[in-house]
Amino acid sequence: MGGGVERWFLILATILAALAGVSGMMSLRHGHRSRWTLPTMVGAMLAQFAFLSLRGQARGACPLLDFGEVLVFLAWSLTLLYILVGPTYRISLLGVFSAPVVVLFQAVALLPGMLDESPQPVTEINPWRETHAAMSVLAYGGLALAAVAGVMFLVLDRQLKEHHLSSGLFRHLPPVRELLVSMVRLLWIGLAMLTIGVVAGFLMPHDSGWAHLIAACVVWLAYLALLLVKQVRGITGRRFAFAAVALFVLSLSVFAFV
Amino acid sequence: MELVCVGLNHRSAPVEVRERFAVPPARLGETARQLLEHEGVAESVVVSTCNRTEFYLSAESVEAVLTALERQFEAGDPEHWYRRQGRDVARHLCRVAGGLDSMVLGETEIFGQIKDAYRRAHASGSTAGMLNRLFQRGFGIGKRIRSETGIQEGATSVAGSAVELAEKIFGKLQGTRVIVIGAGEMSRQTAQALVSRGASSVFVTNRSFDRAVELAAQMGGRAVPFDEWAPVLAGVDVVISSTGAPHAVVLPHHVEAVRRVRKFRPLFLIDIAVPRDIDPAVGEIDEVYLYDIDTLEQLADKARERRRAQIEACERMIDEELDKLNLPGT
């Protein structure tokens, strides 16, 4: 199998994230929260870390050189932030909603052609390029988690609006106001890291053109505008959540091609 | 020694009978102590709430218990009193502690009331081996029933449902601001329930300003003249409306006018009036969550149904636990 032992770690991480999501959803159907979501996601995060460490050793640099590595790094960042943020802010079910996104990213990374089967060491390491890549992907972890919280908000908002209040999902979702506050916090965290990534992007060599950095600046501006509108003018929770989800999906799609 | 429980409750006796045998909390220990003065009675605990008065005793015989109660309370009409003996006493206590015997199934207050009654009896020296073990195990089982079944899940009243929804929208209610439009009893209860959970400011408006002032004073709030309530919407999180108006009082333009000032924050509208006070079109505004009396009643009904569905599991749990414990006298 191409990619060696690290691929097995990635498969393990994907299985654990899938288990976290499925067990969480099944528990909700029975009206209670799964106590296994957090430990299983911690297991997934450790397996992701093992994968990234092995790829990093092989590359002799931050493992962000093919699309598969970027996706796994992103999944790791999302999982790590969930583990840090979910229990701290007591956002119940964040893990259940994050797990499918992690599974999706990693499943795509596992597709043939996504990961270099024999990753080559990097000959020339530029610290600004490394900082740009790592901070940008970490930022996307925060923005992804904000999008996950946005989806949770949209689900809860719909249930409250349509008076569908008897499901286990409804009972265990965090309150509307807490979800909105969490989204704002996560977006600020993501934006702060993205700012470092963008600044580092300006300082790194631009052998392959500026398109990538211009796209990063547009994404940065879009998130800043969203947060300023929220803080200054105000925006309905539904539009804010929809914008957080749409911006994340759009910007991820843009970077897949730029 | 025989374990005996004699009592009356909301099902066995009307309020005019129950009130004759009610014992104030401060006298529970003393009353339990007085029962020991009767021949053949070794231990006693007296439980008295608005819905029940019960005597838990260990005595030489059931007759000794009945004689003691007859002498001390002139118990009178026996048709209102129920009697449990041996294991049935333990089962009954667990049912009461678990809220299975309460008027509102699964209510939580009774657990604290029994604990208080036992504490007072124990402090007065009215309990020893048999009742100590019975009550301590009973509390354990009652706690398990509450934590491991859904017997106390969901609000079973309109006011309780409104509070649960408010908590689903705002989380902790500390600092939440409420306006009551129409100072009726139902709106008072709902606002009071929100205040008891931390809502800080209450504005009250009513066609009769005097009534608004009265209700606002009861809740530590502020009265607002009826033609000035609309601008107050800009600063509140919850609106409770219950006027007697034959047409809608809160219209979409009232909310539209304050959306920008509110920065589009969530707004929870509770319409407990019939005919409805709040135009249903208001509920179509993005950040507005509108609930009317029917929906709140349905929520309370569903919670009651869910609780009823738990009774069998609770009874099974009680029997399993009692089988394991082998309490003296049971």
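**Exercise 1. Confidence along chain A**

In this predicted model, which elements of chain A have the lowest and the highest mean pLDDT?

*Solution.* Start with the two extremes: helix H6 (residues 168-172) of chain A has the lowest mean pLDDT, 88, and helix H7 (residues 176-203) of chain A has the highest, 95. Next, set these beside the whole chain: the mean pLDDT of chain A is 91, and 98% of its residues reach 70 or more. A reminder to keep at hand: where pLDDT is low, the predicted coordinates should not be read in detail.

**Exercise 2. The fold of chain A**

How many helices and how many strands does chain A have, and what radius of gyration would a compact globule of 258 residues have?

*Solution.* First, count the elements: chain A has nine helices and zero strands, so its pattern along the sequence reads α-α-α-α-α-α-α-α-α. Second, turn to size. A compact globule with 258 residues would have a radius of gyration near 18 Å; chain A comes to 19 Å, so the two agree. Along the principal axes, the C-alpha atoms of chain A fill a box of roughly 60 × 45 × 30 Å. Third, look at packing: 46% of the 258 residues of chain A count as buried. Of the contacts in chain A between residues at least 6 apart in sequence, 81% join residues at least 24 apart.

**Exercise 3. Helix H4 of chain A**

What span should the 16 residues of helix H4 (residues 94-109) of chain A have at 1.5 Å a residue, and is H4(A) mostly covered or mostly uncovered?

*Solution.* Begin with length. The expected span is 1.5 Å times one less than the number of residues, so H4 of chain A should span 22 Å. Its end C-alpha atoms are 23 Å apart, which agrees. Then check burial: H4(A) is mostly covered, with 12 of its 16 residues buried. Among them are Leu94(A), Phe97(A), Val101(A), Phe105(A) and Ala109(A). Finally, find the partners: the buried residues of H4(A) pack against helices H1 (5-29), H2 (37-59), H3 (67-88) and H5 of chain A.

**Exercise 4. The nonpolar cores**

Which residues touch the most other members of the largest nonpolar core?

*Solution.* This core holds 135 residues, and Ala149(A), Met183(A) and Leu269(B) touch the most other members. Helix H5 (residues 127-162) of chain A gives the most to this core, with 18 residues. Another core, of 45 residues, lies apart from it and includes Val4(B), Val6(B), Ala32(B) and Ala90(B). Now zoom in on Leu269(B): beyond its neighbours within four places in sequence, Leu269(B) is in contact with Val239(B), Val250(B), Ile278(B), Val282(B), Val288(B), Tyr289(B) and Leu290(B).

How values were computed. Residues numbered from 1 in each chain as written. Chains lettered and ligands numbered in written order. Predicted model: local features only at pLDDT ≥ 70, side-chain atom pairs only at ≥ 80, totals over all residues. Core = buried A, V, L, I, M, F, W, Y, C linked by C-beta atoms within 7 Å. Buried ≥ 20, exposed ≤ 12 C-beta atoms within 10 Å, placed from the backbone. Helix = DSSP H or I, 4+ residues; strand = E, 2+ residues; numbered from the N terminus. Contact = placed C-beta atoms within 7 Å. Rg over C-alpha atoms; globule rule 2.2 N^0.38 Å. pLDDT = per-residue confidence, 0-100.
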